[in-house]
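I wanted a quick look through this one before going back to the bench. These are my notes, in the order I looked things up.

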Amino acid sequence: MPMGVPPRDHERQRAALEARSQARGGTAVDLYRHEGFIVLNADLPGIDPGSLSVELDGDSLLIRAHRSLRGMDSGTLWNVREREDGLILRRIPVGGSVDPSRAAPHYANGVLSLQLPVKPGSRRTVPVQYSRRGKAA
């Protein structure tokens, strides 16, 4: 613990960092649509090799991985600890209009990248009804 920081304040800081991380699902993601694909990039640095799995469950993408941190014995006195260890689980809604049979996830340099092809005809424009002076047009 840094000198001059009361233990109670240190615990408050740690709790706030953990709550922020949990609110984000433990990992940052970008999800966007580009040229007929839904593209996902997820930051997953330091995960254990072979623990990463990606599953399309209905209209959601489920990312699961495990991270083990060094120095996690009972004698460790942390000054700052922001990285999480244990199970990483993130569910991201992608809609039901993707073709999972052609998805090819790739993990390199701590980033999971995935392109999910959008099924043809799944995007359409819906006309909007509007009123003029209180009467339907």
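The entries below go from the whole chain to the sheets and then to one residue.

**Entry 1: can I trust it?**
I'm working from a predicted model, so I checked the confidence before anything else. The chain averages a pLDDT of 79, and 77% of the residues reach at least 70. Where is confidence lowest, and where is it highest? The low spot is helix 1 (residues 7-23), with a mean of 59, while strand 6 comes out on top at 94. Note to self: low pLDDT means the predicted coordinates should not be read in detail. I've left the details of helix 1 alone, given its mean of 59.

**Entry 2: the overall layout.**
I counted 1 helix and 9 strands in the chain. Reading from the N terminus, the helix comes up front and the strands follow, as α-β-β-β-β-β-β-β-β-β. The chain has 137 residues, and 22% of them count as buried. I also looked up the accessible surface, which is about 10,100 Å², with 51% of that belonging to carbon and sulfur atoms. Then I asked how much of the contact list is long-range. Taking contacts with a separation of 6 or more, 49% are between residues 24 or more positions apart.

**Entry 3: the sheet of 4 strands.**
I traced an open sheet with the order 1-2-7-6 and antiparallel pairing. Which strands stand at its edges? They are strand 1 (29-34) and strand 6 (106-108); each has a single partner strand, so one side of each lacks a neighbour in the sheet. From one strand to the next, the twist averages 15°. Inside the sheet I looked at strand 2 (residues 37-43) and strand 7 (residues 111-117), which run antiparallel and are joined by 7 bridges. One pair I wrote down is Leu40, whose bridge partner in strand 7 is Leu114.

**Entry 4: the sheet of 3 strands.**
Another open sheet has the order 3-4-5, and its pairing is antiparallel. Strand 3 (53-57) and strand 5 (86-93) are at the edges here; with a single partner strand each, they have one side left without a neighbour in the sheet. The twist averages 20° from one strand to the next. I found 5 bridges joining strand 3 to strand 4, and the two run antiparallel. On that seam, Glu55 stands opposite Leu62 in strand 4.

**Entry 5: a closer look at Ser60.**
I picked Ser60, which sits in strand 4 (residues 60-67). Is Ser60 buried or exposed? Its relative accessibility is 11%, and the cut-off for buried is under 20%, so Ser60 counts as buried. What does Ser60 touch, apart from neighbours within four places in sequence? I listed Glu55, Arg91, Ile92, Pro93 and Val94. Glu55 was already in my notes as the residue opposite Leu62. For Val94 I also took the spacing: its C-alpha atom is 5.4 Å from that of Ser60, though the two residues are 34 apart along the chain.

Methods
Residues are numbered from 1 along each chain as its sequence is written. This is a predicted model: local features need pLDDT of at least 70, side-chain atom pairs count only at pLDDT 80 or more; totals for chains, interfaces and linings use all residues. Side-chain values use heavy atoms; hydrogens and water are left out. Buried means under 20% relative accessible area, exposed over 50%, partly exposed in between (1.4 Å probe, protein chains only). Contact means heavy atoms within 4.5 Å. Two strands pair if DSSP finds at least two bridges between them. Axes are lines fitted to C-alpha atoms, for helices over the stretch in contact, and angles run from 0 to 180 degrees between N-to-C directions. Accessible areas come from the Shrake-Rupley method with a 1.4 Å probe; for residues, only the protein chains shown count as cover. pLDDT is the predictor's confidence in each residue, from 0 to 100.
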